[in-house]
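Here's a quick tour of one protein chain for someone new to reading structures. Have the picture open while you go through the points.

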Amino acid sequence: MTRSEAFKYQGRELDIFAHATRWKAYWASRVIRWIRGDVLEVGAGLGANTILLQNSAVRTWHCLEPDPELGTRLNSAIDGLPACSASRGTVGSVAERQFDSILYLDVLEHIQADRDELAMAARLLRPGGHIVVLSPAHQFLFSKFDASIGHYRRYNRNSLLACSPADCQLEAMFYLDSAGVLLSLANRILLGQ
């Protein structure tokens with residue numbers, strides 16, 4: 001995507017999820033060890049995760065957001081954070097830079113060409129770097145809600161490995177909300193939603 005191309009995020013849930021502090025603290029505690037050095041956050045949205053994940057191991061943090069409206073709100077949210085910057089665009093717009101950590105936090109499922117996206121991201125990683133993906137799990141739980149907020153898919157271990165670059169190694173993968181899976185499945189079966 002070039003700067004002149006218009007992108008509008010179709011979901012409306014970001015404001016709600018920004019206030020899910022317990023959930024965010026839980027998953028942040030699971031991934032924080034891979035967030036260090038020069039960080040690239042793809043699809044940073046409102047900046048809620050940017051603020052949450054700041055830690056002493058971070059040297060610089062760059063946020064990418066393709067949606068102009070979200071980008072404006074993102075800039076306001078991160079204003080004053082040390083060594084933090086933002087730009088409108090996608091991974092291709094920072095192809096000349098290198099990072100130690102690249103984050104896709106509830107973002108990869110919104111990208112149709114996920115394999116190509118991760119291949120581009122892998123080229124931006126320094127040796128020993130990490131790509132962190134947080135996404136909804138299990139394609140069998142894909143719902144009208146997923147489609148309404150622009151999801152193309154949900155992931156499991158096999159589907160994430162299938163779209164990962166061959167030169168990347170899966171270091172860890174875990175499902176964060178097993179109780180939520182049961183509730184989602186019950187909702188789908190019993191209520192048809």
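What follows is a short lead and then bullet points sorted by topic.

Keep in mind that you're looking at a predicted model. The protein chain has eight helices and five strands, and 40% of its 193 residues count as buried. We'll start with the overall layout, then go through the strands, the salt bridges, the cysteines and a couple of single residues.

**The overall layout**

- If you walk along the sequence, the helices and strands come in the order α-α-β-α-β-α-β-β-α-β-α-α-α.
- How much of the contact in this chain joins residues at least 24 apart? Taking contacts between residues at least 6 apart in sequence, 66% join residues at least 24 apart.

**Strand β2 and its neighbours**

- Strand β2 covers residues 58–64, and it's mostly tucked away: five of its seven residues are buried.
- On one hand, β2 pairs with strand β1 (residues 37–42) in the parallel sense, over six bridges. To find this pairing in the picture, look for Asp38, which stands opposite Thr60 in β2.
- On the other hand, β2 pairs with strand β3 (residues 84–87), again in the parallel sense, over four bridges. Here the pair to look for is Trp61, which stands opposite Cys84 in β3.
- How does the chain get from β2 to β3? It passes through helix α4 (residues 68–78), and this β-α-β crossover is right-handed.

**A network of salt bridges**

- Here's the general idea: side chains of opposite charge can pair when their charged atoms come close.
- The whole structure has six salt bridges. Four residues, Asp38, Arg59, Asp100 and Arg126, are linked in a network of them, so let's take that network link by link.
- Asp38 and Arg126 join through their side chains, with N and O 2.6 Å apart. This link ties together distant parts of the chain, since Asp38 sits in strand β1 and Arg126 in strand β5 (residues 125–134), 88 residues apart.
- Arg126 also has a salt bridge with Asp100, where the closest N and O atoms are 3.0 Å apart. Again distant parts of the chain are linked: Arg126 is in strand β5 and Asp100 in strand β4, with their positions 26 residues apart.
- Asp100 in turn meets Arg59 at 3.1 Å, N to O. That pair links strand β4, home of Asp100, to strand β2, home of Arg59, and the two are 41 residues apart.
- Which members of the network are buried, and which are exposed? Asp38 is buried at 10% relative accessibility, and Asp100 is buried with a relative accessible area of 10%. Arg126 counts as partly exposed at 28%, while Arg59 counts as exposed at 51%.

**The cysteines**

- A disulfide is a covalent bond between the sulfur atoms of two cysteines.
- How many disulfides does the structure hold? The count is zero.
- Why doesn't Cys84 have one? The closest cysteine sulfur belongs to Cys63, and it is 4.3 Å from the sulfur of Cys84, which is too far for a bond. The cut-off for a disulfide is 2.5 Å.
- Cys84 is buried, with a relative accessible area of 15%. Cys168, at 29% relative accessibility, counts as partly exposed.

**Glu109, a buried charge without a partner**

- You'll find Glu109 in the loop between β4 (99–105) and α5 (114–123).
- Glu109 is buried but has no salt bridge. Its nearest side chain of opposite charge is Arg153, 7.1 Å away, and a salt bridge needs the atoms within 4 Å.
- Leaving out residues up to four places away in sequence, what does Glu109 touch? Its contacts are Leu134, Ser135, Pro136, Gly150, His151, Tyr152, Arg153 and Tyr155.

**Arg123, out at the surface**

- Arg123 lies in helix α5, and at 57% relative accessibility it counts as exposed.
- Arg123 and Gln98 are 25 residues apart in sequence, yet their C-alpha atoms are 8.2 Å apart in space.

Definitions and conventions
Residues are numbered from 1 along each chain as its sequence is written. This is a predicted model: local features need pLDDT of at least 70, side-chain atom pairs count only at pLDDT 80 or more; totals for chains, interfaces and linings use all residues. Side-chain values use heavy atoms; hydrogens and water are left out. Buried means under 20% relative accessible area, exposed over 50%, partly exposed in between (1.4 Å probe, protein chains only). Lys and Arg count as positive and Asp and Glu as negative; His and the chain ends are not counted. Contact means heavy atoms within 4.5 Å. Two strands pair if DSSP finds at least two bridges between them. A crossover is right-handed if, with the strands pointing away from the viewer, the path from the first strand over the helix to the second runs clockwise.
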